[in-house]
Every structure is written in structure tokens, then in C-alpha cells.
Amino acid sequence: MGVHFSKKYLGNFISEHEYEAIMPQVQAAHDALVNKDGPGNDFLGWMDLPVNYDKEEFARIKEAAKKIREDSDVLLVAGIGGSYLGARAVVEAICGQMHNETQDGLKIYFCGNSISPTYLNDIIKVTKGKRFSINVISKSGTTTETALAFRVLRQLLEDQVGAEEANRRIYATTDRAKGTLKELADAQGWPTFVVPDDVGGRFSVLTAVGLLPIACAGIDIDALMQGAADAMKEYSVCDLNNQAYQYAATRNILYRKGKSVEMLGCFEPNFTMMNEWYKQLFGESEGKDNKGLMPASCVFSTDLHSMGQFIQEGSRVLFETFVDIKKPQEDLYIQSIEGNFDGLNFLADQNMSVVNRKAMEGTILAHNDGGVPIALVEVDELDAYNLGCLIYFFWKACAISGYLLAVNPFNQPGVESYKKNMFALMGKPGYEDAKAALEARLG
Ligand code: PA5
């Protein structure tokens, strides 16, 4: 296991007896998960997913990825929310934010995650003169952002290669049996992959939802699953040594002391989309019934030059969780320069990662001095195995944390509100009354 939770910088904010005091509640949360009798218990498929997954489909995912890497220059992955974030997060964490520029072979672009015509036009431009395939991902099959992008891109593909060949280049990841996308896929003969019924979007990165794009990026999905499987075992026992539970307890102890924001921070820009994935995981799981920690994120040292001021001296509403990546994918040796014209020779004759680490250590101490509690999640390196561990660490912590907060961590009823208004304002049949009422409010 290359993931460790550390309370090293929490000593001034939480005492050991507080962890002991919250343990009976942690035990109750653990029991509800294990006995599957808590709220949202029909969405617990993620719990044993790292070992209990469809092996035949897993093999098909690898075959499809091989075919796509061989017959395509570009893969367009259309999906939003849970049908998008995990895949992009893992791809960028491992292959880098600039993987399309730095790696040979298949280019991967994510779309269907906004309604921006500008963005979709850019996606269309990157397919120009290129052999491309589409992986459309939608559990419901009706999500507007994804469906709208897909209708445009499918047409583009058919125009380029004809309907028959297009049908061999469209891969649908959707419900096992029902929904518009499933019906369409079956009718057209597209290869299909399954979003399991008992796995919610934000817990779906280790299903075909995440695995197909991740495998297409050339990432070892066996190692990813192995990491998650090891973490599943590691965090299966409820005691004070369970580090996922320590993290869940920490979040709730601080929340009850008035810290209403958790800022996830990492000194590695390639972690940016993992930050986004974390925000969906905790935001959708806990933000309900008018409560919940607000998940926020920073990439450091970049954001020390923007949010750093607020964290150091602004309203004392937040604590930080630093994801400390121990080893960079690639280091860079800083040479000393004759004449020292920029005065930076004091940083030279060592690897840049050492400077980055000193920046992190200095930041931790400064923020601690400013009254900010800091939890640490240490990760050996951003490879497939450790990403698997980390994903499961956050899943398990999130489930326990949600139960400690006494919410259903596995639903997201609030997400529907904007959709209803949008449908009404766009004149979707059946929404006529709502349309008039909303337009009157808009004036
Ligand atoms: O977590 C969730 O349930 C959401 O973020 C969904 O994943 C997102 O809305 C996409 O839904 P769908 O896969 O049905 O298109």
C-alpha cells in the first residue's frame, strides 16, 4: 500500500481523546456499510468492486482499447459528472495534463461535459483529417450535455466514414438493460459496456466508465484494480488504525468545530483533475439536508499566489488536506549557473522535487501558524497501482464520513433541480406550466 494518512499536523487542533470519542459513531457507520442496512444501501456495489467485477467485460475493455489504439488517431470520450471525471482524473494524473502533446499515438479528448458551442467546435476541429472513435458514457442515456455532444459527433463520424464503419467506432457505456442509449446501441450494433445498477456515477471510475478510456491511454488497468483491491482489504477492519476511517473522523471532528470547508491541496498540477473528482465525490455525497463540508481544491504552489492569502489570513472556516506525492514521475536537475545572474544558485545542484517539497513543508508550517488544521494523505507516486489505492481510500472515507454526518451519501436529489428548469425554459414537452412560471421570474 502506497497511501498513508497522517495526523502529524493536526495535533494542535484535535486531541487523541476526540478520535476515541467519535469511534462508536465510526463503528456504527462501518456496521451500516458492512451490513448494508444504512441509507442508500442499494448503491454499495463499489465496496467489493476491486475484486468482484465482470472479468469477461474487463477482457473486452482491454480488447476494445487495443483496437482503438490501433485504428484511431483520436478518441472522443463523451460524458459528464461521474461518467467523466474519474477517467480524466486518472489519465491526467498518470500520463500528465499534456499527454496529448507529449505522448505518441492515440490522442484522448473529453467532451459532452458542458453545453459550450465553442468547446464542441474545438473538439470537432481536433478530429479534422484524423481517424477517430467515440466512447459515449451515460448511465441514464438522457443527460443533455452528453447526448447533445454525441448527436453532433456521431453525425460527424458517419459523414467521415459512413454509417457502417461508424458503428464499429462507437463504444457505448451505459445501463445493462434499459435507457435510450442502450436501445440505440443495440439497434446499431455498437459494442456496449455496463454501468452496474448498484454503482453511482461518482463511484464508477473502476467500472467500464473509467476503465475503457483509461486503458485507451495505455494505463495498466490490472495494476489500478490491484491497488484498489489492496486498499479494500487494508480498510476493511474498523479500528483506530484504519487510516481511511481516521480521515473520515478528522473531517467530521473539524466540521463539528466550525470548519465548514475542506481544501484539498497538492503540489502537483497533474493532480488537478483528481481534485475535481474528489470535489464531486464529497460534494455530491455529503452536501444535502442543509449540511456538509464544502469541498474545495487548490494546486500548489500555483494557488499560493492567489488563494494563499485567503488560506493564511482570511476567515477561519477551512482546514486543508494535502495530498503529498512522494516521488514525481520525472525529476529535473537544477544546474548552478556561472555568475548566478538570477540569484537562484542557492536552489541549484539538486533535483527540482526537493525545492517543491521545501515549498510544501514551508506552506504547511505557515498555514498551521495561521490556524489552519492540515491533514496529510501521502502517496508514494502517481502510478496506476497507487491511484487505485487512493481512489478506494477516498471512497471508503467518503462513505463513513457521510454516515457520520447522518446523510445518505449515495444519492444526489439536488442535481435534478437545474435540469427541470433548463428543460422547461427550452420548451421540452410536458414542462409548459413550469416554463411560464420560470419566464415570469426571469422577467
Ligand atoms: O454522480 C452522478 O450520478 C452524476 O454525476 C452522473 O454521473 C452524471 O449526471 C451523468 O449521468 P449519466 O451517466 O446518467 O449521464
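In these exercises, Ala, Val, Leu, Ile, Met, Phe, Trp, Tyr, Cys and Pro count as nonpolar, Asp, Glu, Lys and Arg as charged, and the others, Gly among them, as polar. The model is predicted, so local features need pLDDT of at least 70 and side-chain atom pairs count only at pLDDT 80 or more, while totals for chains, interfaces and linings use all residues. Residues are numbered from 1 along each chain as its sequence is written, and side-chain values use heavy atoms, with hydrogens and water left out.

**Exercise 1.** Describe the surroundings of the ligand.

*Solution.* Start with the shell: one residue is nonpolar, nine are polar and three are charged. Next, pick out those that come nearest among the 13 residues around the ligand (a heavy atom within 4 Å): they are Ser83, Ser138, Lys139, Ser140 and Thr143. Now look at side chains facing ligand oxygen atoms. Ser140 places a polar side-chain atom 2.7 Å from one, and for Gln280 the distance is 2.8 Å. The side chain of Glu284 also has an N or O atom 2.8 Å from a ligand oxygen. Finally, the protein covers 86% of the 380 Å² of accessible area that the ligand has on its own (Shrake-Rupley method, 1.4 Å probe).

**Exercise 2.** Work out how many disulfides (cysteine sulfur pairs within 2.5 Å) the structure holds.

*Solution.* The count is zero. Take Cys95: its nearest cysteine sulfur, in Cys216, is 11 Å away. Then take Cys238: its sulfur is too far for a bond because the closest cysteine sulfur, in Cys398, is 17 Å away.

**Exercise 3.** Are Cys95 and Cys238 buried (under 20% relative accessible area, 1.4 Å probe, protein chains only) or exposed (over 50%)?

*Solution.* Cys95 has 12% relative accessibility, so Cys95 counts as buried. Cys238, at 15%, is buried too.

Methods. Polar contact = N/O pair within 3.5 Å; in protein donor to acceptor, adjacent residues only side chain to side chain.
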